[in-house]
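Let's take a walk through this one together, a piece at a time. Have the structure open and follow along.

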Amino acid sequence: MEQKRTLIHNVIVVNEGTANLGYVLTQGEFIATTGAGDPDPSMMEGAEVIDGGGRLLLPGVIDTHVHFRDPGLTHKADMATESRAAVAGGVTSFIDMPNTKPPTVNRRALADKLKRASEVSLANYGFFIGATADNLEELKATDYTKCAGVKLFMGSSTGGMLVDSLTVMERIMAEVPALMAVHAEDEALLRANREAVVSRYGEELEMEFHPVIRNHQVCMKASQRAVETARKMNHRLHLLHVSTADELQLLEPGAPEGKLITAETCPQYLAFSDEQYSMLGARIKCNPAIKRPADRDALREAVKDGRIDTIATDHAPHLLEEKRGTALTAVSGMPLIQFSLTLMLQMVEEGLFDIRDVVTKMCHNPAIIYGIDRRGFIRPGYYADLVMVDNDCEPYTITDAWALSRCGWTPLSGLTVNNKVDFTMVNGESAYRFGVLFSSVRGKALRFTPKE
């Protein structure tokens, strides 16, 4: 059977540090040819031809930090709904976290998630296995070509996954041949801060107290401990959702290749500061907390110089009714996957980033750090995961009505932007095209090269 061919031309191809007018020819699941300028007319024969009209063509975004709530919390999201939101936002691959119900802390739960994703996900998919105080044997037996790595929570989590013992962390690093991704908040200090604030101000706390309880010290103490342990054990560590300027002193600038310690931040830490709590309240409540303008600005600089290696969303949908309450009672987390690329490109428009940096942090480096097979770049022989963006459209305002996540809202409601995702291709198939989702498309399981 002859494989489908698609020629996308008259586009600004942003890839591997360049942004030039060019074209991409796909055949079946893969990229067949790329080139600068105009394609030879012979390439159009027998191919679907898409004239990009000068739009941007990027590698599909790889979001390596999502919570799709499936299984067990599907009243607010599941793999079907959230993968639809993903491809509508130019995200062609995701890696889901283990704090579901039941938690993904053994091979059976991991296999169940892989099966579920194969049935319903429009995007490509991968999963972490979660560390607990007593599942070392399961972690050792896991096939890390089919699993992104070990997720370890140093701050409070669900499903018994709090690991605040250095001994347990060291044993995992010593015996498990996989990258360790860490949520670094110090649990003891967090609890002490909460008790001190409540004893002084009571429990009816405004949202501005959230970064007071989950403050800089909570993050820095845990991150420093994780980094020191990883260096001692000579084990690959990826610090998740870095939110403070303080933690940046633990990180090295430059490309991720050869680094023992790499780091992620999220669009919310680059776009917001604690000055927005009074207006947006629990809509921007997340863990770690969004902190000061100085932290936001330092993180922006770290994206540019390579101390921050990846940008992922920590997409964490909750129903709006679950977001009501105080700094203590409103749940933490926000849905961002549908608009993460749009938000980052808007910051490019405002002069805060170069578009090549955005592609490096959201597409190239996730593939490098997690060893993802043939994704994250526009290269012949790689999977045809592509996103076309109109970077100069008529300005429009994002509202909750745009949200495709089951939770039905976005923290970016009210933001006016002038870019939009027009076309998303997953493994050579149209998954989203000018507002239309192709729900019959199915992503593939990501394959990984384990990072010891």
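What follows goes from the hairpins to the sheets, then to a helix and two single residues.

First, some housekeeping. This is a predicted model, so local features need pLDDT of at least 70 and side-chain atom pairs count only at pLDDT 80 or more, while totals for chains, interfaces and linings use all residues. Residues are numbered from 1 along each chain as its sequence is written, and side-chain values use heavy atoms, with hydrogens and water left out. Helices (H or I, at least four residues) and strands (E, at least two) are DSSP runs, numbered from the N terminus. Two strands pair if DSSP finds at least two bridges between them.

Start with the hairpins. Strand β1 (residues 5-15) pairs with strand β2 (residues 18-27) in the antiparallel sense, over nine bridges. Val13 stands opposite Asn20 in β2. Two residues separate β1 and β2 in this hairpin, and Glu16 in the turn has a positive phi of about 50°. Then β2 does something similar with strand β3 (residues 30-36): six bridges, running antiparallel. Here Val24 has Thr34 in β3 as its bridge partner. β2 and β3 again form a hairpin with two residues between them, and this time Gly28 is the turn residue with a positive phi, of about 60°.

Now for the parallel sheets. One is an open sheet of three strands in the order β6-β7-β8, with parallel pairing. Its edge strands, β6 (61-66) and β8 (124-127), each pair on one side only. From one strand to the next the twist averages 20°. Four bridges join β6 to β7, and Val66 stands opposite Asp96 in β7. Strand β7 (residues 91-96) is also joined to β8 by four bridges, with Phe127 in β8 as the bridge partner of Asp96. So which residue ties into both neighbours of β7? Asp96 does, facing Val66 on one side of the pairing and Phe127 on the other. As for β6, six of its six residues are buried (buried means under 20% relative accessible area, exposed over 50% and partly exposed in between, with a 1.4 Å probe and protein chains only).

The other open sheet has six strands in the order β9-β10-β11-β12-β13-β14, again with parallel pairing. β9 (129-130) and β14 (310-311) stand at its edges with a single partner strand each, so one side of each is left without a neighbour in the sheet. Strand β13 (residues 261-265) meets β14 over two bridges, and Thr265 has Ile311 in β14 as its bridge partner.

Next, find helix α12. It lies across β6 and β7, running at about 60° to β6; contact here means heavy atoms within 4.5 Å, and axes are lines fitted to C-alpha atoms, for helices over the stretch in contact, with angles from 0 to 180 degrees between N-to-C directions. Of the 16 residues in α12, 12 are buried, among them Ile355, Met362 and Tyr370. At the N-terminal end, Asp354 acts as the cap, with a side-chain oxygen 2.7 Å from the backbone nitrogen of Arg356. Further along, a kink of about 40° lies at His364, shortly before the proline Pro366; the bend is the angle between axes fitted to the seven residues ending there and the seven starting there. After α12 comes Gly371, whose phi is positive, near 60°.

Back in the six-stranded sheet, look at His238, found in strand β12 (residues 237-239). Is His238 buried or exposed? It is buried, with a relative accessible area of 0%. Its side chain makes a polar contact of 2.7 Å with that of Thr262 (a pair of N or O atoms within 3.5 Å; within protein, one must be able to donate a hydrogen and the other to accept it, and residues adjacent in sequence count only if both atoms are side-chain atoms). Another joins the side chains of His238 and Thr310, at 3.3 Å. Beyond four places in sequence, the contacts of His238 include Leu179, Glu264, Ile369 and Tyr370.

For a contrast, end with Ser199 in helix α5 (residues 187-201). Ser199 is exposed, with a relative accessible area of 61%. A polar atom of its side chain lies 2.8 Å from the backbone oxygen of Ala196. Ser199 and Tyr125 are 74 residues apart in sequence and 45 Å apart in space, C-alpha to C-alpha.
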